[in-house]
Amino acid sequence: MNDKIQVAESIARIKAELDGRARLLAATKTVPPEMINFALEQGIDLIGENRVNELLKKYDSINRDKAEIHFIGALQTNKVKYIIDKVDMIHSVDRVSLADEIERQAAKHGIIMPVLAEVNIGNEITKSGVSPAEIYEFCRYLNSLPHLKLRGLMAIPPKCEEKGGNNEYFCKMRKIFVDISYQNVDNSNMDVLSLGMSDDYLDAVECGSTMVRVGSSIFGKRIYNNN
Ligand SMILES: *Cc1c(COP(=O)(O)O)cnc(C)c1O
């Protein structure tokens, strides 16, 4: 893990690189609340958490006046109820049953939950997300749910070693995003394309990403402990 000086420098550097072209989401899995709050003092205003249990554990210690919180990880349907009133957006809506449960819980709380549809842009068997062939119909379905607001798309492209190797996938995502934005004249204003992580956020921005999710380039290598 990085120390505070490194975290402050990384945030400043990444913000300068982005130069207002995309919003910076700090991916804070495994990062303790004290460091999250420090990042919030350094100009971060959006954090993303991956696991429901970890989010719940850290939630009361996070300085939420300063932070928007997005849920960016795989989400079990039976855990939606724990986060529905705690997050400002869910990036990882990847199946009808999950959308239906978010609809049900949002209705119960009298809110409209902003969501992104997750695309399995590499058509990988092991990855979650809706296939590019089915994403159009899936987005139409999301738009039909009154307590969801489809704000855009998110993807995690296949792991790739060489630089620029994901540009092909980022470009495909951009095309799908534009196509769906044009189709959804009535209920949506699709303004979020959530693409790019520590190794490739600048490539993603070049390809049209509007929100990059950056973890280790800010906070350093993650240390996992299982509690
Ligand atoms: C952890 C995570 C990130 C950030 O990954 P880094 O490579 O550390 O920047 C982005 N998106 C999701 C969904 C993640 O789980």
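Which polar backbone atom is 2.8 Å from an oxygen atom of the ligand? One that fits belongs to Ser216.

## Basis

This is a predicted model: local features need pLDDT of at least 70, side-chain atom pairs count only at pLDDT 80 or more, and totals for chains, interfaces and linings use all residues. Residues are numbered from 1 along each chain as its sequence is written, and side-chain values use heavy atoms, with hydrogens and water left out.

## Ligand contacts

Gly215 also offers a polar backbone atom, 2.8 Å from an oxygen atom of the ligand. Asn50 uses its side chain: a polar atom there lies 2.6 Å from a ligand oxygen. Polar contacts are pairs of N or O atoms within 3.5 Å. Alone, the ligand exposes 380 Å², and the protein buries 90% of that (Shrake-Rupley method, 1.4 Å probe).

The residues around the ligand (a heavy atom within 4 Å of it) include Ala27, Lys29, Ile72, Arg213, Val214 and Arg222. By class, this shell has 5 nonpolar, 4 polar and 3 charged residues. Asp, Glu, Lys and Arg count as charged; Ala, Val, Leu, Ile, Met, Phe, Trp, Tyr, Cys and Pro as nonpolar; the others, Gly among them, as polar.

## The pocket

The ligand takes the space of the largest pocket (more than half of its atoms lie within 2 Å of the grid points). A pocket is an open set of points on a 1 Å grid over the protein atoms alone, where a 1.4 Å probe fits, with protein on both sides within 12 Å along at least five of seven lines.

Its volume is about 670 Å³, the space filled by probe spheres set on the points. Of 29 lining residues, Ile156, Lys159, Met197, Ser198 and Asp199 are closest to the centre. Lining residues have an atom within 4 Å of a point. The lining has 10 nonpolar, 8 polar and 11 charged residues.

## Backbone

Most residues other than glycine have a negative phi. Thr30 has a positive phi of about 70°. Thr30 is in the loop between strand S1 (23-27) and helix H2 (33-41).

Notes
A polar contact is a pair of N or O atoms within 3.5 Å; within protein, one must be able to donate a hydrogen and the other to accept it, and residues adjacent in sequence count only if both atoms are side-chain atoms. Helices (H or I, at least four residues) and strands (E, at least two) are DSSP runs, numbered from the N terminus.
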